[in-house]
Amino acid sequence: MIAHTLSFVAVKLLLLLVRGLGQKGVRSLIPLLSLLLKPYRKKVIQANLNKCFPEMPLAEKKALHQKYLGYLCEVLLQSLLGFVTTPKRLAHWQEFATHNLLDQMASQSTNCFVVMGHTSNWEWSGLRAGMQQGLHMAAVYKPQSNTKIDRFLKKTRRRFGTEMVAMSE
């Protein structure tokens, strides 16, 4: 329980930092966060690179590993920024094309199922989709073992209108 509380406090402090820095300032944290995450994800990333690119030279794998860590850190920091931003700012960062498929579905009162992969910033996309007029958006999520963080994530993900549905439901 103490570890869960400390993790939650760390996330809240990081959110304060991210809010203060803004989108451009957050990018300056990527090298530091990469150093912190490298030992945590090292074995998983290396195993995945070896499975996907068994013939790739080691030097190229190391470079790809670093590039992926940078991408992962950018998405994590952007996600945190999305949790503390305003709807107007989020709409500016995550634009949907005019007359997009979601607009068409809303105008026709049609049900649809949208599958979004973990590319780009899926957190921003999910938050932004919840702002879409005329649609009821629901997102399937995996509950976290840390109940404090789980409640926080559900609350922040719901604030623009997206309903959160646990994988087990």
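**Helix H7, its salt bridges and the surrounding elements**

Asp150 and Lys154 are 4 residues apart in helix H7 and are therefore separated by about one helical turn. Helices (H or I, at least four residues) and strands (E, at least two) are DSSP runs, numbered from the N terminus. The structure is a predicted model, in which local features need pLDDT of at least 70 and side-chain atom pairs count only at pLDDT 80 or more, while totals for chains, interfaces and linings use all residues. Residues are numbered from 1 along each chain as its sequence is written, and side-chain values use heavy atoms, with hydrogens and water left out.

The side chains of Asp150 and Lys154 form a salt bridge, with an N to O distance of 3.6 Å. A salt bridge is defined here as a side-chain nitrogen of Lys or Arg within 4 Å of a carboxyl oxygen of Asp or Glu. Asp150 is buried, at a relative accessible area of 10%, whereas Lys154 is partly exposed, at 23%. In these terms, buried means under 20% relative accessible area, exposed over 50%, and partly exposed in between (1.4 Å probe, protein chains only). As a general feature, an α-helix has 3.6 residues a turn, so residues three or four places apart point the same way.

The salt-bridge rule yields a count of 3. Another of these pairs also involves helix H7: Arg157 and Glu123 meet through their side chains at 2.4 Å, N to O. Because Arg157 lies in helix H7 and Glu123 in helix H6 (residues 122-130), this pair ties together parts that are 34 residues apart in sequence. Arg157 is buried, with 18% relative accessibility, and Glu123 is likewise buried, with 10%.

A further salt bridge joins the side chains of Arg27 and Glu74, at 3.4 Å from N to O. The pair links distant parts of the chain, since Arg27 is placed in the loop between H1 and H2 and Glu74 in helix H3, 47 residues apart. Arg27 is partly exposed, its relative accessible area being 44%; Glu74, at 25% relative accessibility, also counts as partly exposed.

Two other residues of helices H7 and H6 were examined. Thr156 is found in helix H7 and is buried, with 7% relative accessibility. When residues up to four places away in sequence are not counted, Thr156 touches Phe83 and Leu127, contact being defined as heavy atoms within 4.5 Å. Trp122 belongs to helix H6 and is partly exposed, with a relative accessible area of 23%. The C-alpha atoms of Trp122 and Ser79 are 8.2 Å apart in space, although the two residues are 43 residues apart in sequence.

Strands E1 (residues 138-141) and E2 pair in the parallel sense over 4 bridges; two strands are taken to pair if DSSP finds at least two bridges between them. Within this pairing, Ala138 stands opposite Glu163 in E2, and Val165 in E2 is the bridge partner of Val140. The chain passes from E1 through helix H7 (residues 147-158) to E2 in a right-handed β-α-β crossover. A crossover is right-handed if, with the strands pointing away from the viewer, the path from the first strand over the helix to the second runs clockwise. In strand E2 (residues 163-166), Met164 and Ala166 make up the covered face, and Glu163 and Val165 the uncovered one. In general, side chains in a regular strand alternate between the two faces of the sheet.

Helix H2 (residues 30-52) departs from a straight course. Its end C-alpha atoms are only 25 Å apart for 23 residues, short of the 33 Å that a straight helix would reach at 1.5 Å a residue; the expected span is 1.5 Å times one less than the number of residues. H2 bends by about 65 degrees at Arg41, the bend being the angle between axes fitted to the seven residues ending there and the seven starting there. The buried residues of H2 are Ile30, Leu33, Ser34, Leu37, Ile45 and Leu49. Their cover includes helix H1 (2-26) and helix H3 (58-83).

Gln108 occupies the loop between helix H5 (101-107) and H6 and is exposed, with a relative accessible area of 52%. The C-alpha atoms of Gln108 and Leu16 are separated by 41 Å, the two residues being 92 residues apart along the chain.
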